[in-house]
Amino acid sequence: MVLPGRAMATFRLALIQLQVSSIKSENLTRACGLIREASKQGAQIVSLPECFNSPYGTKYFPDYAEKIPGDSTQKLSEVAKECSMYVIGGSIPEKDAGKLYNTCAVFGPDGTLLVKHRKLHLFDIDVPGKITFQESETLSPGDSFSSFDTPYCRVGLGICYDIRFAELAQIYAQRGCQLLVYPGAFNLTTGPAHWELLQRGRAVDNQVYVATASPARDEKASYVAWGHSTVVNPWGEVLAKAGTEETIVYADIDLKKLAEIRQQIPIFSQKRSDLYAVEAKKS
């Protein structure tokens, strides 16, 4: 029995760890099939991984890029409406006005585009002997915060490298987000070192739920994703975690628990705003 007023205190989140191939149409078909499967298992919000319709790599982005709305996002809109659920569309290479972006489109249960998040922080790194990658070779950065409201809670969005920037998560928490979702594709160098650590850090620092959706691992790909899509609660505990294969990860999000943690350790009311602040420069 659900008590009056308690219906929205919990909801089921699903993360789709998709095996991404070089065939866009196949990626879209499988992604939509797995969204339908998540819906059958009671998920109300579902997220795809970063770069779900295309191999991850600067040489692929120009060829796979499309406008939003376009074919890929139209299919996400249709499946969101069909399943009457919130669909966080991982990310796709987006082309707009002569530029390319790494973009996440979110659709509501009626198929409406709710928000479009363009990756803010481009993944330009050089770890000698391990990995060198320059997203800025082909991509441009986004310039706005992205959140959307559901009957359960407000959700803040980042993409992969965005998770390393604690200020972004703090701004989202200040704006009332209780769940942060980062579609991401960490690699075999940064994945084992920082993937879970960063998620747990963002969750504890801001007393929010944090979810990351990765592509499944493909050892033959030019960029090998770490996998291990994960959901962390506001206490820093890992609620659910995938391995490396294609799968769907489920977690029941309990906003009552979030409220209890914030009451027990009231960091928001105890911040020394007379000494420091994290400030948004844009709305």
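**Exercises on a predicted chain**

The chain has 7 helices and 15 strands, where helices (H or I, at least four residues) and strands (E, at least two) are DSSP runs numbered from the N terminus. This is a predicted model, in which local features need pLDDT of at least 70 and side-chain atom pairs count only at pLDDT 80 or more, while totals for chains, interfaces and linings use all residues. Residues are numbered from 1 along each chain as its sequence is written, and side-chain values use heavy atoms, with hydrogens and water left out.

**Exercise 1.** Work out why the chain counts as being as compact as a globular protein of its length.

*Solution.* Begin with the radius of gyration, taken over C-alpha atoms, and with the globule rule, 2.2 Å times the number of residues to the power 0.38. For 283 residues the rule gives 19 Å, and the chain has a radius of 18 Å, close to that value, so it is as compact as a globular protein of that length. Next, consider the extent of the C-alpha trace, which spans about 50 × 45 × 35 Å along its principal axes.

**Exercise 2.** Explain why C160 and C177 are not bonded to their closest cysteine sulfurs.

*Solution.* First, take a disulfide as a pair of cysteine sulfur atoms within 2.5 Å; the structure holds 0 of them. Second, the sulfur of C160 lies 10 Å from that of C51, its closest, which is too far for a bond. Third, the sulfur of C177 is 8.0 Å from its closest, in C153, again too far.

**Exercise 3.** Decide whether C160 and C177 are buried or exposed.

*Solution.* Buried means under 20% relative accessible area, exposed over 50%, and partly exposed in between (1.4 Å probe, protein chains only). C160, at 6%, counts as buried, and C177, at 0%, counts as buried.
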